[in-house]
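Okay, thanks everyone for coming. I'd like to walk you through one protein chain today, so have a look at the screen and we'll take it piece by piece.

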Amino acid sequence: MALEAAFRGLSSQLRKLNDMLLALRLTVAEDKPVRGEAALVDHLEETILDLMGDLDGCMNSAGEAQTAVGHPVDLERARRALATCQERFHRVEATYTEELASYEKLKDLARLAHERRGEWIPWAGSVKTGIEQCRVPLEGSRKTLADCWLEMAERSGNTSISVRTSNVGQKIVTRSAADRTVAEGLT
């Protein structure tokens with residue numbers, strides 16, 4: 001895979017994840033049942049907004065890295081931007097796993113639907129489905145990040161210079177005892 005293609009793929013995957021989070025936020029905040037308020041709804045919306053904020057920073061860094069691998073290629077700038085993107089992506093993954101898709105949060109969501117009944121049941125089902133659908137672009141983003149690092153490593157490996165040194169020493173030849181006798185007798 002070409003370097004530029006890998007970075008385009010990363011930007012594409014991150015946009016897909018952003019679109020899924022946006023749809024999830026709309027389901028959580030805008031499609032919630034009109035009657036009744038729930039702290040869980042507020043927590044889910046805040047968590048999604050936090051994810052989208054971190055993802056926005058991640059997408060900005062990916063865009064900067066993508067620009068850096070264009071013509072002329074600046075691998076050092078691309079490496080720094082990709083490292084920042086990776087760091088932000090780890091925060092997105094951790095928040096998603098710990099705050100949104102954790103067993104406890106999904107159990108709380110099911111409990112809320114069971115207690116409130118009515119409109120809350122299909123709403124909770126839609127939220128759960130939306131959370132689960134975020135996994136695909138999240139995993140795709142993780143894979144394309146790895147592809148970008150692989151391409152960077154291959155590119156930097158192609159441009160490195162290897163220097164080998166070898167010592168050429170003196171060849172020392174000693175005379176045999178017969179040669180020394182002959183040589184001594186001549187003098």
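Before anything else, one term: when I say two residues are in contact, I mean they have heavy atoms within 4.5 Å of each other. And please keep in mind that this is a predicted model.

Let's use that term straight away on S11. This serine lies in helix α1, which covers residues 3-30. Which residues does S11 touch, leaving aside its neighbours within four places in sequence? The answer is A62, G63 and Q66. S11 also counts as buried, at 9% relative accessibility, because the cut-off for buried is under 20%.

Now let's step back to the whole chain. The secondary structure comes to seven helices and zero strands, so reading from the N terminus you just get α-α-α-α-α-α-α. There are 187 residues, and 36% of them count as buried. Contacts between residues at least 6 apart in sequence are interesting here: 81% of those join residues at least 24 apart. As for the outside, the accessible surface comes to about 11,700 Å², and 51% of that belongs to carbon and sulfur atoms.

Here's one example of two places far along the chain from one another. A83 sits in helix α3 and is partly exposed, with a relative accessible area of 32%. A83 and W149 are 66 residues apart along the chain, and their C-alpha atoms are separated by 9.2 Å.

Next, the aromatics. How many aromatic pairs does the count give? Just one aromatic pair. The partners are W120 and W123: their ring centres are 5.4 Å apart and the planes meet at 80°, so this pair is edge-to-face. Both tryptophans belong to helix α5, residues 120-133, and because they're three residues apart there, about one helical turn separates them. Buried or exposed, you might ask, for W120? W120 is buried, with a relative accessible area of 5%. W123 is buried too, at 4%. And W120 has another partner: the charged end of R116 sits over the W120 ring, 5.0 Å from the ring centre.

Right after R116 you'll find R117, so let's stay there for a moment. R117 is in the loop between α4, residues 103-116, and α5. R117 is partly exposed, at 45% relative accessible area. What about its backbone? Phi of R117 is near 55°, a positive value in a residue other than glycine.

The other backbone feature I want to show is a peptide bond. The one from H71 to P72 is cis, with omega near -5°. P72 is in the loop between α2, residues 39-68, and α3. Why do I pick out these two spots? Because most residues other than glycine have a negative phi, and most peptide bonds are trans.

Last stop, the inside. The count gives one cavity of 30 Å³ or more, and the volume of the largest cavity is about 30 Å³. Which residues line the largest cavity? They are L17, L21, L51, V92, Y96, C134 and L138. The elements giving two or more residues to that lining are α1 and α3, the latter being residues 75-100. We met α1 earlier as the home of S11, and α3 as the helix that holds A83.

That's my tour. Happy to go back to any of these spots on the screen.

Key:
Residues numbered from 1 in each chain as written. Predicted model: local features only at pLDDT ≥ 70, side-chain atom pairs only at ≥ 80, totals over all residues. Heavy atoms only, no water. Helix = DSSP H or I, 4+ residues; strand = E, 2+ residues; numbered from the N terminus. Buried < 20%, exposed > 50% of the residue type's maximum accessible area, 1.4 Å probe, protein only. Areas by Shrake-Rupley, 256 points an atom, 1.4 Å probe, with all protein chains shown as cover. Phe/Tyr/Trp six-rings, centres within 6.5 Å; stacked < 30°, edge-to-face > 60°. Lys NZ or Arg CZ within 6 Å of the ring centre and 35° of its normal. 1 Å grid on protein atoms, 1.4 Å probe; cavity = no way out; pocket = protein on both sides within 12 Å on 5 of 7 lines; lining within 4 Å. Points joined across faces, edges and corners; volume = space filled by probe spheres on them.
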